[in-house]
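Colleague: I am new to this structure and should be grateful for a close look at a single part of it. Would you please take one strand and describe its surroundings in a connected account?

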Amino acid sequence: MDIQTMRRDLRDKGFVVIRGLLTQEEVGYFTGKLEALSGISRQVMAASNKGGKLGQRGLENSWSTPDGVTKNPDFWPLITHERLVTAVRGLLGEGTRFLQHTDLHVGFSAISWHRDNVNRDFGKGPDWDERDAPYRLLRVGIYLQSYAESGFRLGFIPGTHRPLPQITLGRRLQEARLKWVGAMSYLFVRLQEWASQAEWVATEPGDCLIFDPRILHSGSYITGPKFSMFLAYGIENRHFYNHVNYYRRMRQELGYDDLSPALAEKLQTADLLPGPVPVYDHVEGAWSPPPLVKRLVKRGLNRA
Ligand SMILES: O=C(O)CCC(=O)C(=O)O
Ligand SMILES: [Fe+2]
């Protein structure tokens, strides 16, 4: 896909698909690293009943690590990956920097409609106000499993990333309905598929999805092995600073840490290191998970 089409898709729909970003060799390398880190192999995931109740929810033989790309040097080559950085620079332009919002997933799918940004209520809060600063942040997801083995697709609701001067009643109802569907998804794993406006992307090994963190998206339920790596980039302005402080300081249960000096040096060399970020602990209207979810996440991290 040429860069003009990619820019247009990002602006209008809120996401871009890059097929085969990673070579087969790279797919093999990262799969091996994820299997070793998680202690869960593709064979174990395939043999375990991913089609069963817990497996479908990504709760059985499943492992996920927030800040995982940053914390594990084996995954740093992904951050500076030439093809990826070229695509992201093509979308964001000069001044593209690494944004510390990363995840590693094995056997895990985020099966509910959600946003990845700071202000998750549509239209409310600083993420949705671009009058003084454009929102130029991108989330990148790279998948290593086939659709045939996993049944996995990532769904997007096109256009739900764009601020509107006036929010119609129809739009308000759509948002409310998807929130409800999101909350119920862990009880009824196929519920999120009812969102008729959704575009579902079935991924193959090495495929990459780049999206505006404000877009509503959801993983599908899975029936077999799944490996994914998420990272982010952005242009430095108040949106970038809010996002960094949100994950590093406000979402304590996720266990984000300072970048290691070795990674900072690597980013500097690749011209991806952000300058000093102003430090603060509050962003108006920042989304917070329910306390029970927070406790579960924290427990999961402590066990890992
Ligand atoms: O299940 C997936 O691959 C999507 C993950 C996702 O949306 C997230 O981690 O925020
Ligand atoms: Fe997400």
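Modeller: Two strands pair if DSSP finds at least two bridges between them. Helices (H or I, at least four residues) and strands (E, at least two) are DSSP runs, numbered from the N terminus. This is a predicted model, in which local features need pLDDT of at least 70 and side-chain atom pairs count only at pLDDT 80 or more, while totals for chains, interfaces and linings use all residues. Residues are numbered from 1 along each chain as its sequence is written, and chains are lettered from A and ligands numbered from 1 in the order in which they are written.

The part chosen here is strand β4, and its sheet comes first. The sheet is open and consists of 6 strands in the order β1-β7-β4-β9-β3-β2, with antiparallel pairing. At its edges stand β1 (15-18) and β2 (63-66), each with a single partner strand, so one side of each is left without a neighbour in the sheet. On average, neighbouring strands of this sheet are turned by 20° against each other, direction ignored (axes are lines fitted to C-alpha atoms, for helices over the stretch in contact, and angles run from 0 to 180 degrees between N-to-C directions).

Strand β4 comprises residues 137-143, and 7 of the 7 are buried, so the strand is largely enclosed by the rest of the structure. A residue is buried if 20 or more other C-beta atoms lie within 10 Å of its own, exposed if 12 or fewer, and partly exposed in between, with C-beta atoms placed from the backbone. Leu137, Arg139, Gly141 and Tyr143 point one way from β4, whereas Leu138, Val140 and Ile142 point the other way.

On one side, β4 runs antiparallel to strand β9 (residues 227-235), to which 7 bridges join it; here Val140 stands opposite Leu231. Strand β7 (residues 208-211) is also an antiparallel partner of β4, over 4 bridges, and in β7 the residue opposite Val140 is Ile210. Strand β7 in turn pairs with β1 in the antiparallel sense, again over 4 bridges, with Leu209 of β7 as the bridge partner of Val17.

Gly141 also belongs to the residues around ligand 1, which include Asp103, His105, Ser228 and Phe230; a residue is near a molecule or strand if its C-beta atom, placed from the backbone, lies within 6 Å of it. At least two residues of this shell come from each of β3 (96-106), β8 (217-219) and β9.
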